Amino acid sequence: MLSTGGGKGCLAGQKICVIDVKGNVLPCSYFPLSAGNLNQESLSSIWSESTLFQQLRDFKSYQDRCGQCEFIKVCGGCRARAYTMTGNHLAQEPFCQHQPKQAYN
């Protein structure tokens with residue numbers, strides 16, 4: 001299974017996922033977007049091939065301050081909160097006040 005590795009803040013779609021009663025595979029229990037459905041494809045396929053999970057693992061696709069933050073690999077911000085408050089799961093963590101010192105590479 002693919003993972004960004006290491007311990008960090010947001011683990012959604014990187015080290016964990018949730019399966020709801022309808023078979024939807026969600027990045028975490030707070031994240032309302034489905035990466036796929038077990039009635040249509042395997043968990044292994046969803047975990048490794050879904051666009052949503054791939055986006056969550058690609059820190060270079062994160063936007064605004066999260067996308068520039070030197071702590072992206074150990075934090076990542078809450079992707080569910082970003083989605084809930086902005087409609088964009090790749091947006092910056094809405095409650096973070098940190099101002100990045102350098103652009104993420």
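These numbered points walk through a predicted model of one protein chain.

1. Start with the overall layout. The chain has four helices and three strands. Along the sequence they follow the pattern β-β-β-α-α-α-α. Read it from left to right and you meet the strands, then the helices.

2. Next, burial and surface. The chain has 105 residues, and 37% of them count as buried. It exposes about 6000 Å². Carbon and sulfur atoms supply 52% of that area.

3. Now contacts along the sequence. Take the contacts with a separation of 6 or more. Of these, 51% are between residues 24 or more positions apart.

4. Look for the largest nonpolar core. It holds 17 residues. Within it, Phe31, Phe53, Leu56 and Tyr62 touch the most other members. Two elements give two or more residues to this core: helix H1 (43-49) and helix H2 (51-57). H2 gives the most, with three residues.

5. Pick out Phe31 in the structure. Which residues is phenylalanine 31 in contact with, leaving aside its neighbours within four places in sequence? The list is Leu26, Leu52, Leu56, Arg79, Ala80 and His89. Leu56 deserves a second look: like Phe31, it is among the core residues that touch the most other members.

6. Finish with Asn24. Asparagine 24 lies in strand E2, which covers residues 24-26. Its side chain is joined to that of asparagine 37 by a polar contact of 3.0 Å. Set aside neighbours within four places in sequence, and asparagine 24 is in contact with Val18, Ile19, Ser34, Gly36 and Asn37.

Terms used:
Residues are numbered from 1 along each chain as its sequence is written. This is a predicted model: local features need pLDDT of at least 70, side-chain atom pairs count only at pLDDT 80 or more; totals for chains, interfaces and linings use all residues. Side-chain values use heavy atoms; hydrogens and water are left out. A nonpolar core is a set of buried Ala, Val, Leu, Ile, Met, Phe, Trp, Tyr and Cys residues joined through side-chain atoms within 4.5 Å. Buried means under 20% relative accessible area, exposed over 50%, partly exposed in between (1.4 Å probe, protein chains only). Contact means heavy atoms within 4.5 Å. A polar contact is a pair of N or O atoms within 3.5 Å; within protein, one must be able to donate a hydrogen and the other to accept it, and residues adjacent in sequence count only if both atoms are side-chain atoms. Accessible areas come from the Shrake-Rupley method with a 1.4 Å probe; for residues, only the protein chains shown count as cover.
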